[in-house]
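Visitor: Please pick one part of this structure and go over it closely with me. I'd like to hear how the packing and the charged side chains go together there.

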Amino acid sequence: MPIQGTHWSTAVAPSDGNGGRSTPLRVDAQRNLEHVLRAAREVFGELGYGAPMEDVARRARVGVGTVYRRFPSKDVLVRRIAEEETARLTEQARTALGQEDEPWSALSRFLRTSVASGAGRLLPPQVLRVGVEVEAVESAVPPQARVPQQRQPGGSGGQLHELRLVEHRPAPVPAEERDGSGAAALLEVVGRLVDRARSAGELRPDVTVADVLLVIATAAPSLPDAAQQAAASSRLLDILLEGLRSRPAA
């Protein structure tokens, strides 16, 4: 029976990353968790994923011990933020595909929405690496058979997960190869945006999925003044979009 006067939230604690069972959070614990996640997005967005946990705790106005109680290692916190931001980008891409009939309008809408949201500053590094790897082997595997999958290194030490390209298999992907960051879904939907725009002759034929993801990461600078940041992002994106567009042959 709960102790009188203690309030509980229906939210659950984040997984410990080792299959641990989630438990209900008290209201004050849930509030602290929200503060930590918001602070982590801000700190990592400004300083990158190399920022120390102490900076996150300071921004959240909690002790660093509180951060570690919610997230037993920095890798766990980084993975949580990266997963959320990757999912947000994927949803933005799907929305653009579903609501824009014109291929170029869909691609440019996705880029503008994602850059304005600042998600590019939190784009997981492995997503960019995957984009490059996908393009590097594109000619070796038929498009319908290519699917990016994640392979976790056998050793320890908090190394970033590497992604490789494998042939499509009808059987479920083994647990050790599943994409924990949601990168595969993001690459798939952005790939559809790119293919549509390229097929319509509106996107330069040499532009790749990796290029589009780099635009998102590049056009979202972190500046101290919000208005200045928005203006700089919009201006830079306009320039980059012009560079992506196909031009009639002279």
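Guide: A word on naming to start with: a helix here is a DSSP run of H or I with at least four residues, and helices are numbered from the N terminus. Keep in mind too that this is a predicted model. Counted that way, the protein has nine helices and four strands, and along the sequence they come in the order β-β-α-α-α-α-α-α-β-β-α-α-α. The part I'd pick is helix α4, which spans residues 74–99.

Let's begin with a charged pair inside that helix. Arginine 88 and glutamate 85 both belong to α4 and sit three residues apart, about one turn of the helix. Their side chains meet in a salt bridge, with 2.5 Å from N to O. Side chains of opposite charge can pair when their charged atoms come close. What about burial at the two ends of this bridge? Glutamate 85 has a relative accessible area of 3%, so it counts as buried, while arginine 88, at 33%, is partly exposed. The pair also belongs to something wider: Arg41, Arg80, Glu84, Glu85 and Arg88 are linked in a network of salt bridges.

Now for the packing. Two packed helices are described by the angle between their axes and the distance between the axes. For α4 and its partner α5 (residues 103–117), the axes come within 8 Å and cross at roughly 150°. An angle over 145 degrees counts as roughly antiparallel, which is why α4 is described as roughly antiparallel to α5. The crossing of the two is right-handed. Arg88 turns up again here: α4 brings Arg88, Leu89, Gln92, Ala93, Thr95, Ala96 and Gln99 to the contact, and α5 brings Ala106, Arg109, Phe110, Thr113, Ser114 and Ser117. By type, the residues of this contact are five nonpolar, six polar and two charged. So arginine 88 has a salt bridge to glutamate 85 and a place in the contact with α5.

For comparison, look at some charged pairs elsewhere. The structure holds twelve salt bridges. One of them joins arginine 192 and glutamate 188, at 3.9 Å from N to O. These two are four residues apart in helix α7 (residues 183–199), again about one helical turn. Here arginine 192 is partly exposed at 42% relative accessibility, and glutamate 188 is partly exposed at 43%. Another bridge pairs aspartate 206 with arginine 204, at 2.7 Å from N to O. Aspartate 206 has a relative accessible area of 46% and arginine 204 has 34%, so each is partly exposed.

One more arginine deserves a stop, this time for its backbone. Arginine 61 has a positive phi of about 60° although it is not a glycine. You'll find arginine 61 in the loop between α2 (53–60) and α3 (64–70), and with a relative accessible area of 79% it is exposed.

Finally, step back to the whole chain. Of its 250 residues, 38% count as buried, and glutamate 85 in our α4 pair is buried as well. Among contacts between residues at least 6 apart in sequence, 60% join residues at least 24 apart.

Technical notes
Residues are numbered from 1 along each chain as its sequence is written. This is a predicted model: local features need pLDDT of at least 70, side-chain atom pairs count only at pLDDT 80 or more; totals for chains, interfaces and linings use all residues. Side-chain values use heavy atoms; hydrogens and water are left out. Axes are lines fitted to C-alpha atoms, for helices over the stretch in contact, and angles run from 0 to 180 degrees between N-to-C directions. Angles under 35 degrees count as roughly parallel, over 145 as roughly antiparallel, 65 to 115 as roughly perpendicular and the rest as oblique. A crossing is left-handed if the near helix is turned anticlockwise from the far one by less than a right angle, and right-handed if clockwise. Contact means heavy atoms within 4.5 Å. Ala, Val, Leu, Ile, Met, Phe, Trp, Tyr, Cys and Pro count as nonpolar, Asp, Glu, Lys and Arg as charged, and the others, Gly among them, as polar. A salt bridge is a side-chain nitrogen of Lys or Arg within 4 Å of a carboxyl oxygen of Asp or Glu. Buried means under 20% relative accessible area, exposed over 50%, partly exposed in between (1.4 Å probe, protein chains only).
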